Amino acid sequence: MDLTFSESEAAFRDELRAWFENNDPGRSPEGEDAAYAWRRDWQRRLADDRYAAVHWSPEYGGRGASITESAIFFEELGRARRPLPANVLGILLAGPTIMTFGTPEQKERYLPPILTAEEIWCQGFSEPDAGSDLAALKTRAVKDGDEWVVTGQKVWTSGAQYSKWCMLVARTDVDGAGGKHKGLTYFLMDMEQPGVQVRPLVQITGEPEFNELFIEGARIPDENVLGGVGNGWRVALTTLMNERSGLAFFLQVRLRQLLDELVEEAAARELLDDPVVADKIGLLHMKAEILRLTAYRGLTTIEKYGTPGPEGSLTKWMWSETNQELAQFAADLLGPDALTNGNRWAYELLRSRGNTIEGGTTEILKNIVAERVLGLPRLKGAAA
Ligand SMILES: Cc1cc2nc3c(=O)[nH]c(=O)nc-3n(C[C@H](O)[C@H](O)[C@H](O)COP(=O)(O)OP(=O)(O)OC[C@H]3O[C@@H](n4cnc5c(N)ncnc54)[C@H](O)[C@@H]3O)c2cc1C
């Protein structure tokens, strides 16, 4: 693992630092809708200078950035304390999946408005009885002429309330011949139709970040199948691989910032000499550093072998548990101050609860590490 940047990577980092310095969207406004509109504007600014999706090829409005450069982008975005673009699922998940499996017409139609945040995307994978075991999903799509008619329910659909399009995985072959992974199809579903009802779910933070999706006779034209009928599992895995590898760098930088802010809070309260506080801060510092180095190791694997290794699972597991530990420690340290309504530490504490569930639960990630890193035997009857 070589941690030094090449000359061109260092130049790219400096260019980004200068750009973020000159481009500050200011503070997020109050209110869910206003905050979302603010992030949409921010994405337009990024897209104008081809920074919205640096890893996309120039032909689609990106910069053809290497994996290291893409990581540098997220690191600098986090360092400059700039927000993630609004259409993060479109940029990190839908776009790369369409680039891999889309027809030329699909690429031309869907990619440009992802980049400019004109059309927001959500991910319709999880269902009430299919989360970790995604292949158990029951939402059905039945062929009707040159259209598909979809019926079912999705849940936890982040950002569905703002979305024009949904990456929808549905069952198109109910015989189950060849196992539950066969007979799934990946669709690009228009959310703006009467057959799709979005009902927000309010989280412990008070935000309706995700939604239930009730799909009752929604219609999807044939040309919106991505990657071929019956090939949905393969297409969905591409989306999931992009999910885990894309955000790792941003998250580890965010963790470091939170820790620095917590140290400032502790210093302001003259608590740094308290041996228990110092001990805990030392431990969190060590974990943040391990996370950073493991994220780099993951990067090296992708550059060497072309695909993400098990490090993606390790970093997601380590990040989520350390982030929860940090937020809990902040609450212990600041006492009632941390829980005052509107205090950002209260938000961090409450939001962090979902970290060990979203993007793969810790138990599932531990299974992956046990089987693929440690070579332990596979759990009998376990979901793939
Ligand atoms: C903030 C947030 C945003 C999300 N956004 C989206 C989104 O936009 N789109 C989307 O499709 N989904 C989204 N999800 C859903 C998320 O991907 C699922 O919650 C996750 O995959 C777990 O599925 P589940 O909730 O059905 O739990 P289950 O799979 O039912 O798991 C329940 C419990 O059993 C454990 N478990 C299950 N199987 C095993 C096993 N084989 N071995 C050991 N333990 C096991 C799990 O770890 C968990 O503790 C989001 C979730 C959160 C928290």
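**Exercise 1. Find which domains surround the ligand, and describe the shell.**

Start with the domains: domain 2 (121-230) and domain 3 (235-373) each put at least three residues into the shell around the ligand, with bounds from an automatic or database domain assignment. Keep in mind that this is a predicted model, where local features need pLDDT of at least 70, side-chain atom pairs count only at pLDDT 80 or more, and totals for chains, interfaces and linings use all residues. Residues are numbered from 1 along each chain as its sequence is written, and side-chain values use heavy atoms, leaving out hydrogens and water.

Next, pick out the neighbours. There are 17 residues around the ligand, and Q123, S132, S158, T361 and E363 come nearest; being near takes a heavy atom within 4 Å.

Now sort the shell by class: five nonpolar, nine polar and three charged residues. Here Ala, Val, Leu, Ile, Met, Phe, Trp, Tyr, Cys and Pro are nonpolar, Asp, Glu, Lys and Arg are charged, and the others, Gly among them, are polar.

**Exercise 2. Track down polar contacts of the ligand.**

Look for pairs of N or O atoms within 3.5 Å. Try the backbone: an N or O atom of Q123 sits 2.7 Å from a ligand nitrogen, and one of S126 is 2.8 Å from a ligand oxygen. Then try a side chain: an N or O atom of S132 lies 2.6 Å from an oxygen atom of the ligand.

**Exercise 3. Work out where the second largest pocket lies.**

Check which domains line the pocket. Domain 1 (7-115) and domain 3 (235-373) both contribute lining residues, so the second largest pocket lies between them. (A pocket is an open set of points on a 1 Å grid over the protein atoms alone, where a 1.4 Å probe fits, with protein on both sides within 12 Å along at least five of seven lines; lining residues have an atom within 4 Å of a point.)

Finish with the lining's classes: five nonpolar, two polar and nine charged residues.

Conventions. Polar contact = N/O pair within 3.5 Å; in protein donor to acceptor, adjacent residues only side chain to side chain.
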